[in-house]
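Here is a small set of exercises, each with a worked solution. Keep the sequence and the 3D view open, and try each task before reading on.

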Amino acid sequence: MKKYQLYINGKFVDEERETFDVINPSNGEVVAQAPKATEADVQAAVDAAEKAQIEWAKLPSTERAEYVRKLGQKVAEKADFFARVIAEEQGKTLGLATIEANVFAQYCEYMAQWALRIEGEVIDSGANNEMVILKKEPIGVAAGILPWNFPFFLVARKFAPALVAGNTIVIKPSSDTPCNAYEFAKIVDEVGLPAGVFNMVTGSGSVVGNALASNPKVGIVSMTGSVEVGAAIMAAASQNITKVSLELGGKAPVIVMADADLDLAAKAIFDSRVGNSGQICNNAERIYLQEDIAEEMTAKLVELMKNTKYGDVLTDTDMSFDMGPIIN
């Protein structure tokens, strides 16, 4: 069984501390143990990020981007490995997990290309012999708080733009799915990203998440998750007027008109409904049908659902499963 360590200031922290189990939702087995960070651990990570940010921001944007690009390339080389890690701890199908690993790498490349697009403005001030120059500067230390439904891709979504723009980051993965993030931290260590630029802490939201959101040294909290947790983070961040970027839950209605291709509509609804076992913010949640096609569409959807293929995702060697288990 794997045992992970916090990653702070360019090192895996080799100290005994309380841990929590990571469960394979397909079979209930414990697959790893991850450390429970304390408030002191969070402070150490933030302090390291704050110190590293000064020199990191001085690097040319293209040099920062090259690190991000290299991290994405390393992930691409191990995409199959990461797909199995994601599937094992999260329960999504190997097909979807493989897509997630590959999109991680593609996103790093995409964000690296923005290095030469960090632009400012020259503005007419309206006064004689005067102009206003607007220059964009890094915010400082970013905190990335992640959900469990697309845990790996969202590591990239948090760190890649932050680093390219000259910020440093502290990542807190979900306690349900920390393994993929720690495996990525090994790549960070291998690539030689300057110490303190990328830090990883795990534990409960009430301890670790709150300590990050309420830390006065954190310049922005970027969080993806539920509305309830987002509200708690906003409240904690408000103590220091810290910026927040919250991607919260949504509702996804489907409207089908009578002149639609009903087979195409039914398949699209089915794919949306079973995607990641229904654990996506934009999974189809309700369907509005014109009355004269309601019976036919219902029959098509029932037939598709009857034939759903599911099971232990790691046994799906031909990647034919439609869904795995819900996470817990």
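**Exercise 1. How many aromatic pairs does the structure hold, and how are the rings of Trp56 and Tyr67 arranged?**

Step 1. The count of aromatic pairs is 15. Rings of Phe, Tyr and Trp (its six-membered ring) pair if their centres lie within 6.5 Å; planes under 30 degrees apart count as stacked, over 60 as edge-to-face and the rest as tilted.

Step 2. For Trp56 and Tyr67, the ring centres are 5.6 Å apart and the planes stand at 55°, so this pair is tilted.

Step 3. Now place the two residues in the chain: Trp56 belongs to helix H1 (residues 39–58) and Tyr67 to helix H2 (residues 61–77), 11 residues apart, and the pair links distant parts of the chain. Helices (H or I, at least four residues) and strands (E, at least two) are DSSP runs, numbered from the N terminus.

Step 4. Trp56 has 2% relative accessibility and therefore counts as buried. Buried means under 20% relative accessible area, exposed over 50%, and partly exposed in between (1.4 Å probe, protein chains only).

Before going further, a note on the source: this is a predicted model, in which local features need pLDDT of at least 70 and side-chain atom pairs count only at pLDDT 80 or more, while totals for chains, interfaces and linings use all residues. Residues are numbered from 1 along each chain as its sequence is written, and side-chain values use heavy atoms, with hydrogens and water left out.

**Exercise 2. Classify the pair of Tyr107 and Phe153, then look at other ring contacts.**

Step 1. The centres of Tyr107 and Phe153 are 5.5 Å apart with 85° between the planes, an edge-to-face pair.

Step 2. Tyr107 lies in helix H4 (residues 94–112) and Phe153 in helix H5 (residues 151–164); the pair links distant parts of the chain, 46 residues apart. Both residues are buried.

Step 3. Ring pairs also join Phe81, Phe82, Phe104, Phe152, Phe159, Phe184 and Phe198 into a cluster.

Step 4. Add the charges: the charged end of Lys78 sits over the ring of Phe81, 4.6 Å from its centre, and that of Arg117 sits over the ring of Trp114, 5.3 Å from its centre. For this, NZ of Lys or CZ of Arg must be within 6 Å of the ring centre and within 35 degrees of the ring normal.

**Exercise 3. Check the span and burial of H5 and helix H6 (residues 179–191).**

Step 1. The expected span of a helix is 1.5 Å times one less than its number of residues. The 13 residues of H6 should therefore span 18 Å, and its end C-alpha atoms are 19 Å apart, which agrees.

Step 2. In H6, 10 of the 13 residues are buried, so this helix is largely enclosed by the rest of the structure. Among them are Tyr182, Phe184, Ile187 and Val191.

Step 3. H5, with 14 residues, reaches 21 Å from its first C-alpha to its last, close to the expected 20 Å. H5 is mostly covered, with 12 of its 14 residues buried, including Phe152, Phe153, Lys158 and Phe159.

Step 4. Look just past each helix: Gly192 after H6 takes a positive phi of about 85°, and Gly166 after H5 takes one of about 100°.

**Exercise 4. Asn129 and Ser277 have positive phi: where does each sit, and is it buried or exposed?**

Step 1. Asn129, not a glycine, has phi near 55°. Its place is the loop between strand E6 (121–124) and strand E7 (131–134). With 84% relative accessibility, Asn129 counts as exposed.

Step 2. Ser277 also has a positive phi, about 55°, without being a glycine. Ser277 is found in the loop between helix H9 (262–274) and strand E14 (286–289). Its relative accessible area is 14%, so Ser277 is buried.

**Exercise 5. How many disulfides does a search of the whole structure find?**

Step 1. The search finds 0 disulfides, a disulfide being a pair of cysteine sulfur atoms within 2.5 Å.

Step 2. Take Cys108: the closest cysteine sulfur, in Cys179, is 20 Å from its own, too far for a bond.

Step 3. Cys108 is buried at 0% relative accessible area, whereas Cys281 is partly exposed at 37%.
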